[in-house]
Structure formats: structure tokens, C-alpha cells
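Here's a walk through the inside of a protein model, with an eye on its empty spaces and on what packs around them. Have the viewer open as you read.

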Amino acid sequence: MALAMRSPLSGVGPLTEYIQTALGLSYSMIGLITTLPLICFAALSGFTLYFTQRFGLEVTLGAALVILTTGIIGRSFANIPALYAGTLFLGIGIAVMNVLMPSIVKRDFPEHSGFMTSLYSGVMGIGATLGAGISVPLAHATDWQFSLGSWAIFPLLGFLLWIPQLKNRTKPKNPIHIISAIKKLGASGIAWQIALFMGLQSLIFYAVLAWLPEIMIERGLSPTNAGFILSISQATGILGSLVIPIIAGRFKDQRRIVLITGTMEIIGITGILFFDTFLVSAWIGILGFGLGGNFSLALLFMVLRADSAELTTGLSGMAQSAGYFVAAFGPVLFGIIHDVTLSWNLPLYAMLIIAAVQLAFGLGAARNRTITG
């Protein structure tokens, strides 16, 4: 499942030029391909608690895998309606999986939350790296449609492996009324700090995913090398996702760790902005590690700051719904700014400011507090 959750998203950016040439799309319309899943994450995350209580965790996850597989295959057809419809289905599937993974960790591995968060977020990063690094060579060997559709292999295999679990239909032992959960979490400062920390991190991550290859191509790199640069950010993100939660899980207060990962994001963006292609791999690597570390921290906060698996599901849904609503504006907004200014400098300045604000919310979310319910 973790392999399936990011590879279909990271495989789009390196193929931007191919898709634009084939379908005649503007930068803002290409940005919508990355933004549509984020809109799904925002719109559906809050309802996942209802689906779990109604159908059970196993069936809900199984359905998400089927929808994700359908969406990936659907968007590989070479026409605009199929591209966007498939992307919409893809977003629905991943939205449900995003919310339920932290609750599985809370339910099944309460004593090893740091390690398990590290494991699945790290594997998500591996999927993202594969998507970024292989998409262009795969498109050269076949075509861009096959490259886009090839990532259906992960959710399809995931579903086949998940079939034995479907008979369980595990429902929450202590069901939480959705309206009550929304009121409780909506009134919690911790929940909002986690949501905004995750949302701003995701805004930067998906903007990088969508536009970093284009930024590098504009500075003289080939599409293959630009895809490779993006894969560096995903690879170091894996390292951040693996290392940071294990360390953070040992402490009750994670503010020092957030300060380190947040500062790394700022350094990486600054390097890309002011030093053109000089040491670009180093700046991208630093940025990727910070983004990966902060993403896994956001997931870990959902586990550590809630006192039950059910409340973790509610917190995960609320945080991801609000967070991805914020993140959804990034790719399209940056694409529009580029269309108007014909430069990537202003989007990068905006990203730098966003990283600083994200750090502030992260320091609040990292304090040792618990939501009870």
C-alpha cells in the first residue's frame, strides 16, 4: 500500500513536457493534475472515519486500492477527460489510505509507533523515488501513457495481498460520533497546529513534485537529468522518513527535531533559488531530507497526540482534510505565477516564506500534549 501511495503522483512531473505536447495543456492545467488529488485528500479525509465505522477498516482499505488502480489505468488514456477523471479516482483512493495508515499503526503497533511510522513513510518515499526516476526512461522505452499507467501494479498487488483480510471487517471498538469528533478536534489547538504543519509541508512537497523538473529544464538540464534531480529529493526524503520518526519517537517533546528538519527545508530552497544549478544536487538533497522528515513527523504527531486508535483516525482525517486543502493551492498557484511572470523565482520566494511559517506551526505541534476523548 505504501508503495502505491506516492509513485503515481511523483511520476507526473518528469512527464510534463510529454503531456503538454500531446494534449496542448498550459502550465496551470498541468498543475491541476497534481492539485486534483490534493483536493480529494482535503474533501474526503474527514469522511474516512464514517466509512471505517460503516464498512470496517479492511473493506474500506480494499475499496481504496481498487479505486486507486482504476484511476491510474484510466488516466493513461491519451485524452484530457480520461486524464483528469483518472486523476480524480486516484486521489480518492489515496485520500482514504492516507487517513487509515496512522490508525493502523496506533491500533496494531502502539509500542512501536516510531519504527512503524518510519517503515511505511519510508516505503512511501521509495515509491515516490521510483516514480520520479523511472518515468522518463520508461516513456522513452514505450510511451508516456504506458509510463503513467504502469504504477497501477503496486495497488493491484496490494489488493491481491489484502484479499484475505477482507473477511475480518474490523470496526472501531469505541466508535466516535463524527460530529462530536469534528467539534472536539476543531476546538483543539494541537490538532490545528498538526493540520497546518502537515498542510504547508505538503504544499511545498507537491509543488516540488510538480515543478522541480520544469525548473531544472528551464535552467538547461535535459528531461532525464531533471527527473534524476527530482529522484534525489525523493531518495533523501526516504532517509528523512526512516531516520526522523525513530529518533523522535524516543522523546515526548520533538521541538529540537522540528527545528532541524524545518531549517533544512529553508536551506534547500534558498540554495535552489540563489545558486542556480551550482551544487543543485546538494540543495535538493537537503530539501528532500527536510521534507521527508517533516512528513513523517506529521504522521507521528497524529499517533502520539491522540489517546486512542479511534481518535487517531479522527485526528488524521481532520488534519489531512484541512492540511491538504491548504496544500491543494500550491501546484496550480505556482503554475499560474509562472505563466504570468515567465519565471520560477517568485514561486521559489513564496516557497521560502511558506517553509518558515510551517516551521512555526511545527514547533507548536511538537510540544508534549495529548488530545483525549
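What follows goes through the cavities, the pocket, the core and a few individual residues.

## What kind of model this is

Keep in mind that this is a predicted model. Local features here rest on residues with pLDDT of at least 70, and side-chain atom pairs count only at pLDDT 80 or more.

## The largest cavity

Let's begin with the enclosed spaces. There are 3 cavities of 30 Å³ or more, and the largest has a volume of about 190 Å³. Four helices each give two or more residues to its lining: α7 (113-141), α11 (189-218), α12 (223-248) and α14 (280-304). Of these, α12 gives the most, with 5 residues.

In total, 19 residues line this cavity, and those nearest its centre are Phe205, Gln234, Ser241, Gly292 and Phe295. What is the lining made of, in terms of nonpolar, polar and charged residues? The split is 8 nonpolar, 10 polar and 1 charged.

## The second largest cavity

The second largest cavity holds about 80 Å³ of space. Its lining counts 13 residues, with Val208, Leu212, Ile215, Leu348 and Met351 closest to the centre. Helices α11, α13 (255-274) and α17 (345-365) each supply at least two lining residues, and α11 has the largest share, with 5.

The chemistry here is easy to sum up: the lining has 13 nonpolar residues, no polar ones and no charged ones. Helix α11, then, contributes to the lining of the largest cavity as well as to that of the second largest.

## The largest pocket

Now for the open spaces. The largest pocket has a volume of about 290 Å³. It is lined by 16 residues, and Met101, Ile104, Val105, Phe109 and Met116 are the closest to its centre. The helices giving two or more residues to this lining are α5 (57-74), α6 and α7.

Which helix gives the most to the pocket lining? That's α6, with 5 residues. By type, the lining residues divide into 12 nonpolar, 1 polar and 3 charged.

## The nonpolar core

The largest nonpolar core takes in 110 residues, and Ile19 and Tyr324 have the most contacts inside it. Helix α11 gives the most to this core, with 19 residues. As background, nonpolar side chains in soluble globular proteins tend to be buried together.

Ile19 makes a handy starting point for browsing. Leaving out residues up to four places away in sequence, Ile19 touches Val12, Gly24, Leu25, Ile30, Ile33, Leu83, Trp144 and Leu148.

## Two helices checked for length

Does the geometry of α14 come out long, short or as expected? At 1.5 Å a residue, its 25 residues should span 36 Å, and the end C-alpha atoms are 36 Å apart, so the two agree. Helix α14 is also mostly covered, with 21 of its 25 residues buried.

Helix α16 (residues 329-341) passes the check too: its 13 residues should span 18 Å, and its end C-alpha atoms are 18 Å apart, which agrees. The buried residues in α16 are Gly330, Pro331, Val332, Phe334, Gly335, Ile337 and His338.

## Three residues to click on

Leu342 is in the loop between α16 and α17, just after α16. Leu342 isn't a glycine, yet it has a positive phi of about 60°. Its relative accessibility is 65%, so Leu342 counts as exposed, the cut-off being over 50%.

Ser118, in helix α7, is another case: buried or exposed? Its relative accessibility is 3%, so Ser118 counts as buried, which takes a value under 20%. Setting aside neighbours within four places in sequence, Ser118 is in contact with Ser241, Leu242, Val243, Pro245 and Ile246. Ser241 is also one of the residues nearest the centre of the largest cavity.

Pro81 sits in helix α6 (residues 80-108) and counts as exposed because its relative accessibility is 60%. Pro81 and Leu348 are 267 residues apart in sequence, and 31 Å separates their C-alpha atoms. Leu348, for its part, is among the residues closest to the centre of the second largest cavity.

Technical notes. Residues are numbered from 1 along each chain as its sequence is written. Side-chain values use heavy atoms; hydrogens and water are left out. On a 1 Å grid over the protein atoms alone, a cavity is a set of points where a 1.4 Å probe fits but cannot get out, and a pocket is an open set with protein on both sides within 12 Å along at least five of seven lines; lining residues have an atom within 4 Å of a point. Grid points are joined across faces, edges and corners, and a volume is the space filled by probe spheres set on the points. Ala, Val, Leu, Ile, Met, Phe, Trp, Tyr, Cys and Pro count as nonpolar, Asp, Glu, Lys and Arg as charged, and the others, Gly among them, as polar. The expected span of a helix is 1.5 Å times one less than its number of residues. Buried means under 20% relative accessible area, exposed over 50%, partly exposed in between (1.4 Å probe, protein chains only). A nonpolar core is a set of buried Ala, Val, Leu, Ile, Met, Phe, Trp, Tyr and Cys residues joined through side-chain atoms within 4.5 Å. Contact means heavy atoms within 4.5 Å.
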